[in-house]
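Trainee: Before we look at any single residue, could you show me how to read the features of a model one at a time, with the general idea before the case?

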Amino acid sequence: MEYGVVLFVTDETIAPAALGPALEERGFDSLFVPEHSHIPVRRESPAPTGGDLPRHFHRTVDVFVTLAVVAATTSRLRLATGVALPAERDVFHTAKQVASLDLVSGGRALFGVGAGWNREEAADHGIDPRRRGRILDEKLAAMVRLWTQDEAEFHGEYVDFDPAYLWPKPVQSPHPPIYVGGESEAALRRLRDHGDAWMPDTFDLETYRRVRSWLGEQGRPDVPFTAFGADPDTFDPAGFANVGVDRVAFWVDPGGERDVLTRLDAIAERWIR
């Protein structure tokens with residue numbers, strides 16, 4: 001079992017240049033960084049955990065800038081968006097950023113994606129929130145073509161372009177693995193059709209068994225699973241390896257350097273050393 005960390009990086013938290021080496025020195029295999037372009041002041045979408053939306057959602061540093069800095073200060077750590085929101089993003093810029101991160105890191109990028117919970121955020125990007133899942137699916141398919149074809153073209157309902165060149169190509173072949181977040185029916189279809197790995201934020205073993213069985217029926221029996229956002233103090237690992245979970249990504253509260261390093265020491269002492 002590998003162990004990673006999920007951490008919001010903001011202008012008030014530990015800096016990426018300190019975070020990356022700290023994770024690598026303690027034996028973590030990966031860093032998952034969430035993304036939000038902005039948070040609308042007027043919002044009806046409920047916060048993911050209920051109650052008031054925590055301050056760190058408002059102050060995220062750009063995810064690809066963060067991961068590029070971490071790439072420059074580490075040599076082994078896997079660098080993951082956890083999750084990025086490609087439905088809200090330009091398909092060409094995103095394809096280039098993911099491929100560039102993979103290039104400069106020597107093939108360590110993981111592309112974690114989701115449709116996003118904040119409908120108002122999506123609307124501010126000019127997309128219908130009700131269609132953000134379908135837009136995401138098309139953009140994932142288009143990016144795979146941009147990564148894997150020298151002259152890529154795509155003609156869909158939401159993404160449409162004639163043959164185009166886009167370099168650099170990723171180091172990983174055929175492209176950085178796409179980690180699909182979520183447990184909804186739409187997310188599982190996305191996993192089947194576009195994903196290379198699954199990263200749900202559930203810790204119910206029966207859900208993992210059900211999805212593993214379903215993937216086998218779909219001809220995808222070997223999809224890797226990452227248990228995403230686990231509480232390192234309460235997580236019970238019993239049975240997870242048996243359902244194909246090969247990584248646990250622990251949630252770490254956003255904080256200053258001293259607080260985060262103290263927390264990483266405690267997690268590493270319990271789970272890695």
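The dialogue below goes through strands, a helix, a buried tyrosine, a loop, and then the enclosed and open spaces.

Mentor: Keep in mind throughout that this is a predicted model.

Trainee: Let me begin with the strands: how many of the residues of β3 are buried?

Mentor: Burial is judged by relative accessible area, with under 20% counting as buried. In β3, 6 of the 7 residues are buried, so the strand is largely enclosed by the rest of the structure.

Trainee: Which strands pair with β3, and in which sense, parallel or antiparallel?

Mentor: Strand β2, residues 30-33, pairs with β3 in the parallel sense over 4 bridges, and phenylalanine 32 stands opposite alanine 80 in that pairing. Strands β3 and β4 also run parallel and are joined by 4 bridges, with alanine 84 having valine 113 of β4 as its bridge partner.

Trainee: Are the two faces of β4 covered or open?

Mentor: Both faces are covered, with Ala109, Phe111 and Val113 buried on one side and Leu110 and Gly112 buried on the other. That agrees with the count for the strand, residues 109-113, in which 5 of 5 residues are buried.

Trainee: How should I read a helix in the same way, and which residues of α1 are buried?

Mentor: An α-helix has 3.6 residues a turn, so residues three or four places apart point the same way. Helix α1, residues 16-25, is mostly covered, with 7 of its 10 residues buried, namely Pro16, Leu19, Gly20, Pro21, Ala22, Leu23 and Glu24. These buried residues pack against β1 (2-6), β2, α2 (63-72) and α8 (257-271).

Trainee: What is found in the backbone just after α1?

Mentor: Most residues other than glycine have a negative phi, and most peptide bonds are trans. Just after α1 the residue is glycine 27, and it takes a positive phi of about 90°.

Trainee: Turning to a single side chain, is tyrosine 179 buried or exposed?

Mentor: Tyrosine 179, which lies in strand β7, residues 178-180, has a relative accessible area of 7% and is therefore buried.

Trainee: Which residues is tyrosine 179 in contact with, once its neighbours within four places in sequence are left aside?

Mentor: They are Leu110, Phe111, Gly112, Val113, Ala197, Met199, Thr226 and Arg247. For arginine 247 there is also a polar contact, made between its side chain and the side chain of tyrosine 179 at 3.3 Å. Arginine 132, by contrast, is 47 residues from tyrosine 179 along the chain, and the C-alpha atoms of the two are separated by 17 Å.

Trainee: Where are cis peptide bonds to be found in this model?

Mentor: One is the bond from tryptophan 167 to proline 168, with omega near 5°, and another joins serine 173 and proline 174, with omega about 0°. Proline 168 lies in the loop between β6 and β7, and proline 174 is in that loop too.

Trainee: Histidine 175 is also found in that loop; is it buried or exposed?

Mentor: Histidine 175 has a relative accessible area of 10%, so it is buried. Not counting residues up to four places away in sequence, histidine 175 touches Val144, Trp147, Thr148, Pro170 and Asp196.

Trainee: Now the spaces: how many cavities of 30 Å³ or more does the structure hold?

Mentor: There is 1 such cavity, and about 30 Å³ of space lies in the largest cavity. Its lining is made up of His36, Leu85, Glu88, Ala115, Gly116, Trp117, Asn118, Glu121, Ala122 and Arg132, which divide into 4 nonpolar, 3 polar and 3 charged residues.

Trainee: And what can be said of the largest pocket, and which residues lie nearest its centre?

Mentor: The largest pocket holds about 970 Å³ of space. It is lined by 33 residues, of which Pro48, Val83, Trp117, Asp201 and Phe228 lie nearest its centre. Two or more lining residues are given by each of β3 (78-84), α5 (132-148), α6 (185-194) and β9 (225-230), and the largest share, 3 residues, comes from α6. By character, the lining divides into 18 nonpolar, 11 polar and 4 charged residues.

Definitions and conventions: Residues numbered from 1 in each chain as written. Predicted model: local features only at pLDDT ≥ 70, side-chain atom pairs only at ≥ 80, totals over all residues. Heavy atoms only, no water. 1 Å grid on protein atoms, 1.4 Å probe; cavity = no way out; pocket = protein on both sides within 12 Å on 5 of 7 lines; lining within 4 Å. Points joined across faces, edges and corners; volume = space filled by probe spheres on them. Nonpolar A, V, L, I, M, F, W, Y, C, P; charged D, E, K, R; others polar. Buried < 20%, exposed > 50% of the residue type's maximum accessible area, 1.4 Å probe, protein only. Contact = heavy atoms within 4.5 Å. Polar contact = N/O pair within 3.5 Å; in protein donor to acceptor, adjacent residues only side chain to side chain. Pairing = 2+ DSSP bridges.
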